[in-house]
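Subject: Structure for your review

Dear colleague,

Please find below the structure that I am handing over to you. I would be grateful if you read my notes with the sequence and the model open beside them.

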Amino acid sequence: MDLGLAQIGVLFGVFFLVSVIFMMFGQGGGAIYVPMLLAFSLPLYKAAATSQVLIIAATLSAMLVFRKAHLIDWWLALIVEPPTNLGAFLGGYFSSHFPPNLSKLLFAGILLIGAYYMIRPIEERTAPPRRAWYLLQRNLGEYEYSLNLFVIGPIMVLAGFVAGMLGVGGGLIKVPAVVLLGGVPMKIAVGSSSLMVGITALTGLFGHALVGHFDPKLALTLGIAVLAGSQIGARLGVKIDKKRHKKYFGFLLIFIAVWMVYMAFK
């Protein structure tokens with residue numbers, strides 16, 4: 001269905017606020033974009049495709065801020081993104097083969113995983129990073145860490161598939177994964193996520209576009225709101241105490257997950 005001007009105006013304001021809040025934590029915002037579009041009776045997979053465009057807009061805008069603050073690890077993105085992109089393309093392309101209610105329940109599950117790691121503080125590693133041929137060794141400013149490629153690769157393929165299918169950027173999975181399994185410092189994970197989530201969303205969008213899920217007029221209109229909001233959110237994200245604010249963010253994700261379960265069974 002086509003949305004009216006009043007409906008698009010409401011979405012414009014909501015998405016502006018959402019992009020501010022989510023980009024403070026290096027997230028693309030798909031966890032809110034998709035449910036909001038569903039609330040306006042957009043089909044699930046068109047909502048997912050539109051969300052991918054908005055995530056790209058948000059992350060490109062925010063990346064400029066995080067880059068200036070030297071919080072993006074470009075080599076981390078180069079290593080982690082190829083398996084994620086493969087999964088994202090396949091997820092977007094095959095999304096219509098999954099029953100909508102099953103996809104909504106899966107979406108709720110991803111939100112609950114993200115909420116868990118937002119409410120429960122992620123313990124960053126303090127011991128010196130191990131060294132082995134299968135570990136990516138990184139030094140970025142004052143930070144030194146190593147990433148287990150054998151562990152992180154398969155997880156990123158799965159994260160990409162889910163992200164591409166559901167229209168999220170994958171940051172709710174990527175950030176906890178690289179911090180817990182790779183020892184990446186939280187600030188670097190959040191800053192690098194602004195780059196990686198956008199690339200994942202782009203490849204997911206390609207998959208959706210090939211099967212006709214993309215509405216360019218709606219996506220570009222809402223993209224303006226997201227571009228502006230993500231600039232503000234990224235600037236706040238560099239300054240805020242994330243440990244204190246992450247819990248509130250986690251409770252918000254739980255609320256959205258419960259709503260998605262309701263939508264699946266109503």
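The notes below go from the overall fold to the interior and then to the surface.

Please bear in mind that this is a predicted model. The secondary structure of the protein consists of 10 helices and two strands. Followed along the sequence, these elements are arranged as α-α-α-α-α-β-β-α-α-α-α-α. Of the 266 residues in the protein, 55% are buried. Among contacts with a separation of 6 or more, 83% join residues that are 24 or more positions apart.

I turn next to the interior. The largest nonpolar core contains 78 residues, and Leu111 and Leu253 are the ones with the most contacts inside it. Helix H3, which covers residues 44-68, gives the most to this core, namely 14 residues. Which residues does Leu111 touch, not counting those up to four places away in sequence? They are Ala31, Leu172, Leu253, Ile256, Ala257 and Met260. As general background, nonpolar side chains in soluble globular proteins tend to be buried together.

Leu172 also appears among the buried residues of helix H7. This helix spans residues 171-180 and is mostly covered, with nine of its 10 residues buried. Besides Leu172, the buried residues are Gly171, Ile173, Lys174, Val175, Pro176, Ala177, Val178 and Val179.

Another residue to examine is Leu166, which is located in helix H6 (residues 149-166). Is Leu166 buried or exposed? Its relative accessible area is 2%, and buried means under 20%, so Leu166 counts as buried. Leaving aside neighbours within four places in sequence, Leu166 is in contact with Val34, Ala48, Ser103, Leu106, Phe107 and Ile110. The C-alpha atoms of Leu166 and Gln52 are separated by 9.1 Å, although these two residues are 114 residues apart along the chain.

Finally, I come to the surface. The accessible surface of the protein is about 12000 Å², and carbon and sulfur atoms account for 70% of it. A nonpolar surface patch of about 770 Å² is formed by Leu86, Phe89, Leu90, Tyr93, Phe94, Leu202, Phe206, Leu210 and Val211. Helix H4 (74-93) and helix H8 (186-210) are the elements that give two or more residues to this patch. Which element provides the largest share of the nonpolar patch? The answer is H4, with four residues; Leu86 is one of the patch residues and lies in this helix.

Yours sincerely,

A colleague

Conventions
Residues numbered from 1 in each chain as written. Predicted model: local features only at pLDDT ≥ 70, side-chain atom pairs only at ≥ 80, totals over all residues. Heavy atoms only, no water. Patch = residues over 30% accessible without salt bridge, like charges linked within 9 Å, V, L, I, M, F, W, Y side chains within 5 Å. Areas by Shrake-Rupley, 256 points an atom, 1.4 Å probe, with all protein chains shown as cover. Salt bridge = Lys/Arg side-chain N within 4 Å of Asp/Glu carboxyl O. Buried < 20%, exposed > 50% of the residue type's maximum accessible area, 1.4 Å probe, protein only. Contact = heavy atoms within 4.5 Å. Core = buried A, V, L, I, M, F, W, Y, C linked by side-chain atoms within 4.5 Å.
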